[in-house]
Amino acid sequence: MDNKFFKYLPPWLRDPDPDQWLLTDNYLVLDFEGTNLEKGSALVDDNRILLACWRYKGVSKAVWGDVHDMGDLLADIEEADLVVAHNAKFELQWLKRAGARLQDMLTYDTMLGEYVLYGNQKVPLNLGAIASRYGLGGKEAFVDKMMRAGVCPSMLPRSLLLDRCRKDVLQTEEIFLQQRQVLKDTDRLKTVFTRNILTAPLADIEFNGMCLSADRVREEYNDAVKRTTEIGRKLDEMAGGINLNSPVQLGEFVYGTLEFEELKSKRGEPLRTPSGGRKTDSDTLSALKAKTKQQKEFVSLWSEYNKLTSALSKNLEFFKGVVEESEGGIFHGQFNQAVTATHRLSASGRPIKFEMFKKKKSVQFQNMPRAYKRLFKSRNDGWLVGEADGGQLEFRVAGFLGADKAAVDAIADKFDVHTFTSETLTANGEPTGRQDAKAHTFKPLYGGQSGTKAQQAYYQAFKARYPGITSWQENNKREVLRTKQLRIPSGLIFYWPDTKLRDDYITNSTSICNYPVQSFATADIIPIAIASLWHIMKRADMQSFIVNTVHDSTIMELHPDEVEPIGEISGFSFTDYVYFYLEEVYDVKFFVNLAAGYKVGEHWSEGEEIVFEKYPKHKLEDLIHEESTSKVEVPQGHRGTVRRRTMVQRN
DNA sequence: GGAGACTGCGCC
DNA sequence: AAATGGCGCAGTCTCC
């Protein structure tokens with residue numbers, strides 16, 4: 001590939017051939033046992049390794065000791081082409097502490113293998129449960145019981161721990177061998193390959209954590225506390241004594257004392273919570289018709305109070321604790337690779353007990369309020385914070401998956417989709433500005449169809465405007481109705497075994513519309529981009545580093561001299577490299593523009609955004625034209641073998 | 001006193 | 001009868 005950054009990629013990303021890398025015999029299977037704070041995470045300084053067991057070239061080895069005793073292991077790993085482990089991110093983090101270079105390691109994770117095999121179906125993914133499913137026996141009962149009860153492995157008899165660790169390695173190897181055969185047979189080695197190339201980047205990123213600006217946090221926190229006290233006092237005068245955090249008490253006050261009318265559905269029935277309670281969320285309360293002066297005053301006070309208290313309890317108190325009590329104002333999060341139905345990442349916080357607050361608190365990295373992004377800075381003086389993201393990614397992916405000429409052209413011509421929404425809503429009797437229209441623009445992508453008259457008119461207009469996307473969605477629903485499953489171009493298969501036709505409506509329609517788009521965009525394309533970006537930064541020995549990723553974006557702390565090159569590398573990774581990888585690994589000729597946004601400032605989310613817009617070498621028209629003669633595949637939901645579809649009919 | 005259901009809310 | 005997806009965390013409340 002003709003690009004100056006390409007040479008910095010590791011071999012498996014320069015030549016991304018899943019068969020070559022995952023079907024190798026030169027693999028090493030690894031398991032660590034260690035002390036058990038926070039499940040034994042290497043991110044906890046006070047944890048240590050007790051024992052490493054591994055198998056390499058048919059030989060089982062074991063070493064007692066901590067990270068400084070792992071020389072033999074590191075030597076074997078250096079020689080191996082693939083490191084196999086269950087929940088490999090955990091092992092990689094220990095290897096990093098032992099001094100290994102994660103950028104030189106490709107992993108195969110048996111947890112991810114099982115995750116891919118089950119698609120969106122939730123099954124237990126711990127090693128014992130998987131081993132049982134493969135007929136390998138579960139965990140040894142006694143040791144497992146002790147460990148589940150919280151007994152630290154350092155207190156267990158050595159012989160028992162050794163047995164356990166050895167057994168885990170043997171089971172992991174056997175599961176690996178069986179899984180990769182099934183994955184190969186069902187053409188999903190490529191899917192699991194993409195999941196695995198992100199493991200080393202994530203293992204590394206989790207060590208970094210994010211850094212708060214003490215000044216900004218203190219200011220924000222003090223303001224919020226002050227304002228909450230003021231409003232709280234006024235609300236107390238009105239509502240005297242009730243707990244506003246209790247939906248039941250708040251409901252009684254709003255609908256009983258204040259005599260608000262409950263919102264009603266079109267059929268005239270009150271809109272309630274799933275179990276029949278009166279709704280008290282902020283959208284509902286602000287939609288209530290306030291007539292009396294008291295009603296109006298309450299709604300406006302409550303709305304601000306609710307925002308503030310939830311910001312305080314979910315974020316600001318935690319941030320305040322971090323800047324006052326944690327080294328360097330830094331806190332860490334955790335990425336979960338095998339949780340979501342669509343295979344994108346989820347994130348959890350790492351609970352911290354601050355002296356200034358009674359309860360342990362934690363904040364996850366994926367739902368930081370936008371208004372508080374400005375509280376984050378770099379830990380190094382003079383450095384900056386940068387964010388790279390995949391511009392308009394899900395719409396572009398939908399345009400691709402639906403092979404939609406109108407969508408492809410709209411994207412290439414930089415057509416303003418939200419203005420179209422705003423105009424359509426306005427023309428149908430609901431004057432709506434561009435900003436407010438945004439909320440509706442892509443709702444049809446997720447299967448949305450209900451709403452006000454004007455909204456429904458817009459959804460119809462969307463369907464008419466993008467007939468490729470629309471018919472693709474319809475075909476998918478029909479296919480799931482027939483076969484109960486759907487395969488997307490990554491190879492991932494989604495299963496909806498309970499799908500039925502009910503009064504002309506195919507159940508699960510909304511998921512069937514949404515999963516392929518969400519998955520291909522944020523479980524394939526973004527991981528590919530981040531793997532590229534992370535490797536190039538590492539292997540080009542840059543000082544800047546990645547600190548977070550949120551579905552379609554990644555956040556970095558940037559050395560001032562590296563701001564420009566990392567912009568270019570981001571542009572390459574989110575576009576050119578994605579085109580390359582999709583074609584090499586998935587045989588996908590991606591014919592829609594991809595774009596990378598890049599924003600740099602002293603704090604997160606500050607600064608002007610630069611956009612790298614890249615035109616792909618493949619054109620939809622050419623693919624349609626070639627259709628009859630070549631082996632071109634247009635993306636679609638299909639199972640097993642490739643089924644061609646005549647594109648020309650659709651437009 | 002802890003677990004889990006329920007409700008609500010933040011992000012993409 | 002209704003129908004926009006995916007998450008994790010905090011607070012309340014019930015139940016054991």
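Start by selecting DNA strand C and everything around it: 35 residues surround this strand, and the closest are Arg267, Arg344, Lys443, Tyr505 and Tyr515. Bear in mind as you go that this is a predicted model. Color strand C by sugar, phosphate and base, and you can check that sugar and phosphate account for 71% of its atoms that come within 4 Å of the protein.

Now zoom in on the phosphates of strand C. Pick Tyr515: a polar atom of its side chain sits 2.5 Å from a phosphate oxygen of DNA strand C. Then hop to Thr510, where a polar side-chain atom is 3.4 Å from a phosphate oxygen of that strand. Gly349 makes its approach through the backbone, with a polar backbone atom 2.8 Å from a phosphate oxygen of DNA strand C.

Switch to cartoon for a moment. Which elements each supply at least two residues of the surface near DNA strand C? Highlight α14 (293-325), β9 (346-349) and α21 (509-539). If you color that surface by residue class, you get six nonpolar, 20 polar and nine charged residues.

Next stop, DNA strand B. Select the 20 residues around it and label the ones that come nearest: Thr273, Ser275, Thr280, Arg370 and Asp552. Of the strand B atoms within 4 Å of the protein, 83% are sugar or phosphate, and bases make up the rest.

For a base contact, go to Asn367, which has a polar side-chain atom 3.1 Å from a base nitrogen of DNA strand B. For the phosphates, try Lys373: an N or O atom in its side chain is 2.8 Å from a phosphate oxygen of strand B. Ser282 uses its backbone, placing a polar atom 3.0 Å from a phosphate oxygen of DNA strand B. By class, the surface near strand B splits into four nonpolar, nine polar and seven charged residues.

Leave the DNA and select residues 545-549, strand β16. Why is β16 largely enclosed by the rest of the structure? Five of its five residues are buried, so the surroundings cover most of it. Add strand β17 (residues 553-558): the two run antiparallel and are joined by four bridges. Across this pair, Phe545 stands opposite Glu557 of β17. Three residues lie between the strands of the hairpin, and His551 takes a positive phi near 65°.

Last, select helix α9, residues 189-197, which is mostly covered, with nine of its nine residues buried. Show side chains and you'll find charged names on the buried list too, including Lys190 and Arg195, along with Leu189, Val192, Phe193 and Ile197, among others.

Terms used: Residues are numbered from 1 along each chain as its sequence is written. Chains are lettered from A and ligands numbered from 1 in the order in which they are written. This is a predicted model: local features need pLDDT of at least 70, side-chain atom pairs count only at pLDDT 80 or more; totals for chains, interfaces and linings use all residues. Side-chain values use heavy atoms; hydrogens and water are left out. A residue is near a molecule or strand if one of its heavy atoms lies within 4 Å of it. A polar contact is a pair of N or O atoms within 3.5 Å; within protein, one must be able to donate a hydrogen and the other to accept it, and residues adjacent in sequence count only if both atoms are side-chain atoms. Buried means under 20% relative accessible area, exposed over 50%, partly exposed in between (1.4 Å probe, protein chains only). Two strands pair if DSSP finds at least two bridges between them.
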